[in-house]
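Biologist: I'm new to this one, and I'd like a close look at a single part rather than a quick tour of everything. Could you pick up the strand I point to below and walk me through it and its surroundings?

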Amino acid sequence: MAPFPTPVTQVRVYPYIPDAPIIVPPVFTGGAGTYSVGTLTTNIFYNLDLTSGEAENGGPHAGNKYYAVCKDASGKEFTTPWMTCLKAGPQPQFGRTTHLGHPMHQTGADAGSDAAVASPDIAYQIHLSDIAVNAYVPPTEPLLIPLIEGGKGIATFAGLLPGGSWSVSVAGGERVNPLHPGMTATISGTNVATGKPFHIPAVFITKEAGDPAIFVQLRHPREN
């Protein structure tokens with residue numbers, strides 16, 4: 001399932017302290033932005049991107065764990081699992097990747113208290129529109145073979161530099177040429193958040209050719 005951002009308001013962000021008997025004061029209040037949950041192969045991705053709000057009590061710090069209490073578009077309040085702060089400041093961003101099959105607890109002040117999940121990777125997601133998927137052709141060849149045009153989806157970078165990897169899910173769009181599992185491709189699109197073109201710096205292999213199509217970064221043996 002490709003995660004698409006949904007609006008959230010009245011966001012309050014709290015430090016995540018496992019098994020804490022007290023509720024600590026929030027570090028960010030009055031927030032508004034988007035929250036998304038989605039799956040890609042065996043991973044579940046959570047992202048919270050805030051575009052407004054007020055930092056309190058020192059504000060969130062990159063690398064630390066937090067959970068948030070939000071209201072969705074219908075006014076219903078919900079609590080997120082804990083996520084890692086990816087970017088601090090007046091427009092903080094939070095994200096987390098977990099693996100399917102591990103228990104998730106998403107209710108209560110200690111939502112996401114699944115400390116048993118082993119070594120979750122940090123994931124950063126970029127929402128893309130006008131996605132173009134082209135068959136990979138060696139740079140020395142003056143040739144372009146389009147596969148998908150005008151798609152929408154999510155580009156995810158999981159892990160930390162160096163050594164992280166990209167994966168992309170692409171929904172919709174026009175299938176210009178046949179797409180088959182195992183095909184290598186390059187992917188570019190428009191960053192929804194900035195409106196600017198974004199070319200993903202990787203070569204991908206097609207894992208699933210359906211809708212959505214799933215692509216994972218091609219790794220050569222020497223890169224493993």
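What follows is my request about one strand, and then one long reply. Please take β9: how many of its residues are buried, which strands does it pair with in the antiparallel sense, and what does Pro146 touch?

Modeller: Happy to. Keep in mind throughout that this is a predicted model. Let me set the scene before zooming in. The chain has 224 residues, of which 42% count as buried. There are 15 strands and zero helices, so to speak of a part here is to speak of a strand or a loop. Among contacts between residues at least 6 apart in sequence, 60% join residues at least 24 apart. On the outside, the chain exposes about 11300 Å², with carbon and sulfur atoms supplying 57% of that area.

Now to your strand. β9 covers residues 145-158, and ten of its 14 residues are buried, so "mostly covered" is a fair description. Two partners deserve a mention. With β10, which is residues 165-171, β9 runs antiparallel, and seven bridges join the two strands. If you want one spot to find in the viewer, look for Lys152, which stands opposite Ala171 in β10. The other partner is β11, a strand made of residues 174-175. β9 and β11 also pair in the antiparallel sense, over two bridges. One of the bridge pairs to look for there is Glu149 with Glu174 in β11.

Pro146 sits in β9 itself. Is Pro146 buried or exposed? Its relative accessible area is 19%, and since the cut-off for buried is under 20%, Pro146 counts as buried. Leaving aside residues up to four places away in sequence, Pro146 touches Val133, Asn134, Val176 and Asn177. Asn134 is twelve residues from Pro146 in sequence, yet their C-alpha atoms are 4.3 Å apart in space.

Val133 leads us on to the core. In the largest nonpolar core there are 21 residues, and those touching the most other members are Val133, Ile148, Trp166, Ile187, Ile200, Phe204 and Phe215. β9 is one of the elements giving two or more residues to this core, together with β8 (123-135), β10, β12 (184-191) and β15 (213-217). The largest share, five residues, comes from β8. As a general point, nonpolar side chains in soluble globular proteins tend to be buried together.

Trp166 is a good residue to click on next. Not counting residues up to four places away in sequence, Trp166 touches Ala155, Thr156 and Phe157, along with Ile126, Phe198, Ile200, Pro201, Ala202, Phe204, Val216 and Gln217. Apart from this core lies another one, of 16 residues, including Tyr46, Tyr66, Ala68 and Phe94.

While we're over by that other core, have a look at Arg96, which is in strand β7 (residues 93-99). Arg96 is buried, with a relative accessible area of 1%. A polar atom of the Arg96 side chain lies 3.2 Å from the backbone oxygen of Trp82.

A few backbone oddities are worth a glance too. Most residues other than glycine have a negative phi, and most peptide bonds are trans. Asp130, in strand β8, has a positive phi of about 50° although it is not a glycine. Asp130 is exposed, at a relative accessible area of 53%. Asn57 also has a positive phi of about 50° without being a glycine. You'll find Asn57 in the loop between β3 (43-55) and β4 (65-71), and at 56% relative accessibility Asn57 counts as exposed. As for the peptide bonds, the one from Asp211 to Pro212 is cis, with omega near 10°. Pro212 lies in the loop between β14 (204-208) and β15.

Finally, how far to trust the picture. The chain averages a pLDDT of 79, and 76% of the residues score at least 70. Confidence is lowest in β8, at a mean of 83, and highest in β11, at 94. Over residues 101-122 the pLDDT is below 50, although this stretch has 47 contacts in the model beyond near neighbours in sequence. Where pLDDT is low, the predicted coordinates should not be read in detail.

How values were computed
Residues are numbered from 1 along each chain as its sequence is written. This is a predicted model: local features need pLDDT of at least 70, side-chain atom pairs count only at pLDDT 80 or more; totals for chains, interfaces and linings use all residues. Side-chain values use heavy atoms; hydrogens and water are left out. A nonpolar core is a set of buried Ala, Val, Leu, Ile, Met, Phe, Trp, Tyr and Cys residues joined through side-chain atoms within 4.5 Å. Buried means under 20% relative accessible area, exposed over 50%, partly exposed in between (1.4 Å probe, protein chains only). Helices (H or I, at least four residues) and strands (E, at least two) are DSSP runs, numbered from the N terminus. Contact means heavy atoms within 4.5 Å. A polar contact is a pair of N or O atoms within 3.5 Å; within protein, one must be able to donate a hydrogen and the other to accept it, and residues adjacent in sequence count only if both atoms are side-chain atoms. Accessible areas come from the Shrake-Rupley method with a 1.4 Å probe; for residues, only the protein chains shown count as cover. pLDDT is the predictor's confidence in each residue, from 0 to 100. Two strands pair if DSSP finds at least two bridges between them.
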